[in-house]
Amino acid sequence: MALTRYEPFNVLTQLQRELDHFRGESDDGGGRIATAEWAPAVDIKEEENRFVIHADIPGVNPEDIDISMEKGVLTIKGEKNTEAKTEKDNYKRVERIYGSFYRRFSLPDTADNDAISAKSRNGVLDIVIPKREAVKPKKISVLSE
């Protein structure tokens with residue numbers, strides 16, 4: 001009997017792909033839908049002056065990560081390459097995930113898109129999104145004639 005990996009979120013992932021396709025969204029602007037073989041776990045927190053995203057991406061080379069910002073949506077994508085395995089290793093089960101990943105996050109209007117920074121350390125990608133200074137309402141005087 002062959003062992004198969006149970007993926008409880010495959011249905012949700014497929015639904016997301018179909019919704020993206022319906023909306024005409026793609027990763028390259030040419031109609032190709034971005035797919036992912038796995039999705040890194042993320043923590044998102046809001047601080048007084050910034051938003052911080054922590055993504056677990058162990059084994060991913062920082063050069064293989066692409067972070068972009070377009071129309072208020074932050075996209076993180078990349079690839080974790082497999083290690084060459086030989087038959088003599090005698091693996092009975094392999095649970096480490098390899099392949100491409102793709103995550104998207106809608107950012108609020110207060111995010112400063114021009115000052116986003118990212119760093120990778122010990123398998124965790126930290127993305128810092130500063131907040132813009134709040135725009136104060138401008139008072140307009142009404143002159144009488």
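Strand β7 (residues 124-130) is largely enclosed by the rest of the structure, because five of its seven residues are buried. Here, buried denotes under 20% relative accessible area, exposed over 50%, and partly exposed the range in between, with a 1.4 Å probe and protein chains only. Strands, like helices, are DSSP runs numbered from the N terminus: a strand is a run of E with at least two residues, and a helix is a run of H or I with at least four. The model is predicted, so that local features require pLDDT of at least 70 and side-chain atom pairs count only at pLDDT 80 or more, while totals for chains, interfaces and linings use all residues. Residues are numbered from 1 along each chain as its sequence is written, and side-chain values use heavy atoms, with hydrogens and water left out.

Strand β7 belongs to an open sheet of four strands, ordered β1-β2-β7-β6 and paired in the antiparallel sense. The edges of this sheet are occupied by β1 (42-46) and β6; each has a single partner strand, so one side of each lacks a neighbour in the sheet. From one strand to the next, the twist averages 15 degrees. For such angles, axes are lines fitted to C-alpha atoms (for helices, over the stretch in contact), and values run from 0 to 180 degrees between N-to-C directions. Two strands are taken to pair if DSSP finds at least two bridges between them.

On one flank, strand β2 (residues 50-56) is joined to β7 by seven bridges, and the two run antiparallel. Within this pairing, H54 has D126 of β7 as its bridge partner, and A55 is matched with L125 of β7. Strand β6 (residues 117-121) is also antiparallel to β7, with five bridges between them; the bridge partner of S117 in β7 is V128. The hairpin of β6 and β7 has two residues between the strands, and N122 in this hairpin adopts a positive phi near 55 degrees.

At the other end of the strand order, β1 and β2 run antiparallel and are joined by five bridges. These strands form a hairpin with three residues between them. D43 stands opposite H54 in β2, the residue that also has D126 in β7 as a bridge partner. K45 is bridged to V52 of β2.

A further open sheet contains three strands in the order β3-β4-β5, again with antiparallel pairing. Its edge strands, β3 (65-70) and β5 (99-106), each pair on one side only. Neighbouring strands in this sheet are turned against each other by 15 degrees on average, direction ignored. Six bridges support the antiparallel pairing of β3 with strand β4 (residues 73-80), and D66 has K77 in β4 as its bridge partner.

Residue G99 is located in strand β5. Its relative accessibility is 8%, and G99 therefore counts as buried. The C-alpha atoms of G99 and G78 are separated by 8.4 Å, although the two residues lie 21 residues apart along the chain. Apart from neighbours within four places in sequence, G99 is in contact with E37, W38, G78, E79 and K80, where contact means heavy atoms within 4.5 Å.

Ring interactions were also examined. The charged end of K131 sits over the ring of F51, at 5.0 Å from its centre; this assignment requires NZ of Lys or CZ of Arg within 6 Å of the ring centre and within 35 degrees of the ring normal. The structure holds zero aromatic pairs.

Over the whole protein chain, there are one helix and seven strands, and the elements run α-β-β-β-β-β-β-β from the N terminus on. Of the 145 residues, 21% count as buried. Among contacts between residues at least 6 apart in sequence, 51% join residues at least 24 apart. The protein chain exposes about 11,600 Å², of which carbon and sulfur atoms supply 49%. Accessible areas come from the Shrake-Rupley method with a 1.4 Å probe, and for residues only the protein chains shown count as cover. Rings of Phe, Tyr and Trp (its six-membered ring) are counted as an aromatic pair if their centres lie within 6.5 Å, with planes under 30 degrees apart classed as stacked, over 60 as edge-to-face and the rest as tilted.
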